[in-house]
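Open the model in your viewer and keep the sequence panel beside it. Each stop below says what to select and what is found there.

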Amino acid sequence: MPTPAPVEGEGPSAKLQVWKDALYDRCRDSGVDMFSQEDLLRLDVIPNRDLMLLARVVQSLSDDKLFITMREASGQVLWKWRDAQEAHKYKQCSTDEQVMVYSLIDDSGGDGIWSQTLQKRLNMHDSVLKNALKQLQTKGLIAPFKNVEHPNKKMYIKASIRPSDRATGGPWYTDQNLDEAFIEDLQRVVFDFIKRQSSYHSTHGGGATRTQTPKKGIVKGTLDKGKKRDASQMEEPPSKAVKTSSTATPKRDALLPLPAGYTGYPTVRDIARLLSTSGITHNTILSEMDVKKLIDVLVWDNLIEPVKVAGKVGFRVCRIAKQSLESWAGRDDPTGREGGPAPYESSFTEAPCGRCPVFELCEEGGPVGPSNCEYFKKWLSDD
């Protein structure tokens with residue numbers, strides 16, 4: 001790329017501007033942020049590798065806030081180029097104090113910086129710092145904001161950028177407050193989706209009721225059971241009494257686990273796609289990383305577990321046979337989560353004793369017993 005040469009007859013300031021523009025453009029297009037003196041000469045902008053001319057050009061770029069002068073631990077001086085729009089904001093700072101304060105706020109990025117941290121780093125008097133902050137706010141260069149990690153600290157951030165997810169809490173915070181209702185609603189939807197995708201609905205139980213008829217020649221249902229009939233009784237038809245097998249059980253719906261090697265367990269991407277299309281997020285954009293955080297909470301609560309099949313990680317519900325057919329999402333639960341979704345109910349778990357938290361302490365005459373059991377009273381009073 002040829003270096004533009006100054007036009008013959010131009011004044012010194014015009015020629016210097018040509019070298020400034022050429023060097024700045026070459027630095028910006030190089031893809032490198034930091035430059036030493038030798039790196040700048042290697043860009044073939046300064047003719048004849050003139051060090052005096054290079055010093056004048058670099059100093060002029062620094063005055064325009066387009067170059068940032070830095071020094072390594074070894075003492076070598078380096079220069080870093082700055083975007084022209086950002087440089088214009090630095091030129092709006094009318095005092096050195098404002099430049100120093102704005103520079104530290106700029107370096108803090110989306111996390112922002114605490115006012116007391118500014119004071120300690122700059123060793124600046126409190127009144128001087130407050131005046132600089134006030135002037136920068138008036139010029140629209142900085143803005144105060146609330147950091148969810150430090151809600152009681154006065155934080156500042158550049159007005160042109162938005163706070164990071166770390167500072168605002170991301171999609172889980174509304175007005176700097178943790179939105180627990182929103183998080184629980186999403187967890188319920190995610191759990192129900194994983195439960196549907198990691199099980200199959202089965203109607204199981206006993207088969208058709210089996211019947212038996214008395215054997216020929218045997219008296220049925222009398223004290224003389226097993227006694228042979230006499231000749232007069234042999235002409236009578238056998239008893240029509242029917243015996244019902246005690247092993248017959250009524251059919252009942254249940255969720256059963258999928259066979260080993262099943263590869264259709266939902267992944268993080270599948271769950272993120274579900275949430276984005278369901279409309280439950282209320283226009284809040286959730287990344288796959290955000291969805292992974294929701295899933296991790298369900299894993300830590302022992303409600304779901306990861307399973308690696310065919311080179312990908314999916315998720316399935318823990319102990320699916322003990323899960324209720326009822327959906328967790330939308331279920332009225334005035335007492336709170338109570339540990340999660342409703343469990344599968346059987347004859348043992350329906351009665352209070354089957355899930356009593358103080359079962360081992362229960363005895364008549366003790367602090368907890370059948371006669372004074374609050375769980376039994378509530379269970380027996382339910383319609």
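## Stop 1: helix α11

Begin with α11 and colour its buried residues, which are Asp290, Val291, Leu294, Ile295 and Leu298. Looking down the axis of α11, you will find these buried residues within an arc of 140°, so they line one face of the helix. Bear in mind throughout that this is a predicted model.

Now turn to the face of α11 directed away from its buried side: the exposed residues Met289 and Trp300 are carried there. For the length, select residues 288–300, the 13 residues of α11; at 1.5 Å a residue they should span 18 Å, and the end C-alpha atoms are 18 Å apart, which agrees.

Next, show what covers the buried residues of α11. The cover includes two helices, α9 (180–197) and α10 (268–278), and two strands, β13 (304–309) and β14 (312–317). Before leaving, select asparagine 302, which follows α11 and has a positive phi, near 60°.

## Stop 2: α9 against α10

Two packed helices are described by the angle between their axes and the distance between the axes. Hide everything but α9 and α10, which belong to the cover of α11. Their axes are 11 Å apart, and the packing angle is about 125°. The angle falls in neither the parallel, antiparallel nor perpendicular range, and α9 and α10 are therefore oblique to each other. The crossing is right-handed.

To see the side chains involved, select Leu186, Val189, Val190, Phe193 and Ile194 in α9. Their partners in α10 are Asp270, Ile271, Leu274 and Leu275.

## Stop 3: helix α7

Move to α7, residues 126–138. This helix has 13 residues and reaches 18 Å from its first C-alpha to its last, close to the 18 Å expected at 1.5 Å a residue. Which residues of α7 are buried? They are Leu129, Ala132, Leu133 and Leu136. These residues cover an arc of only 100° around the axis, which puts them on the same side of α7.

Rotate to the other side of α7 and select Lys130, Lys134 and Thr138, which are exposed. Then display α5 (96–108), α6 (115–122), β5 (142–147) and β6 (150–158), the elements against which the buried residues of α7 pack. After α7 comes glycine 140, with a positive phi near 75°.

## Stop 4: α5 across α7

Keep α7 and add α5. The axes of these two helices come within 9 Å and cross at roughly 75°. An angle between 65 and 115 degrees counts as roughly perpendicular, and that makes α5 roughly perpendicular to α7. On the α5 side, the contact is made by Glu97, Gln98, Val101, Tyr102 and Ile105. On the α7 side, select Val128, Leu129, Ala132, Leu133, Gln135 and Leu136.

## Stop 5: serine 115

Select serine 115 in helix α6. Is this residue buried or exposed? Its relative accessibility is 17%, so serine 115 counts as buried, the cut-off being under 20%. Leaving aside neighbours within four places in sequence, show the residues in contact with serine 115: Leu129, Lys154 and Tyr156. Leu129 is also one of the buried residues of α7.

## Stop 6: the loop between α2 and α3

Go to the loop between α2 (37–42) and α3 (51–63), where aspartate 44 lies. Its phi is near 60°, a positive value in a residue other than glycine. Aspartate 44 is exposed, with a relative accessible area of 57%.

Arginine 49 lies in the loop between α2 and α3 as well. Arginine 49 has a positive phi of about 50° although it is not a glycine. With a relative accessible area of 44%, arginine 49 is partly exposed.

## Stop 7: glycine 369

Finish in the loop between α12 (347–350) and α13 (374–381), the place of glycine 369. At 2% relative accessibility, this glycine counts as buried. Not counting residues up to four places away in sequence, glycine 369 touches Cys362 and Glu363. For a last distance, pick the C-alpha atoms of glycine 369 and valine 358: they are 9.8 Å apart in space, and the two residues are 11 residues apart in sequence.

Terms used:
Residues numbered from 1 in each chain as written. Predicted model: local features only at pLDDT ≥ 70, side-chain atom pairs only at ≥ 80, totals over all residues. Heavy atoms only, no water. Helix = DSSP H or I, 4+ residues; strand = E, 2+ residues; numbered from the N terminus. Expected span 1.5 Å × (residues − 1). Buried < 20%, exposed > 50% of the residue type's maximum accessible area, 1.4 Å probe, protein only. Arc of directions from axis to C-beta. Contact = heavy atoms within 4.5 Å. Axes fitted to C-alpha atoms, helices over the stretch in contact; angles between N-to-C directions. Parallel < 35°, antiparallel > 145°, perpendicular 65-115°, else oblique. Left-handed = near helix turned anticlockwise from the far one by under 90°.
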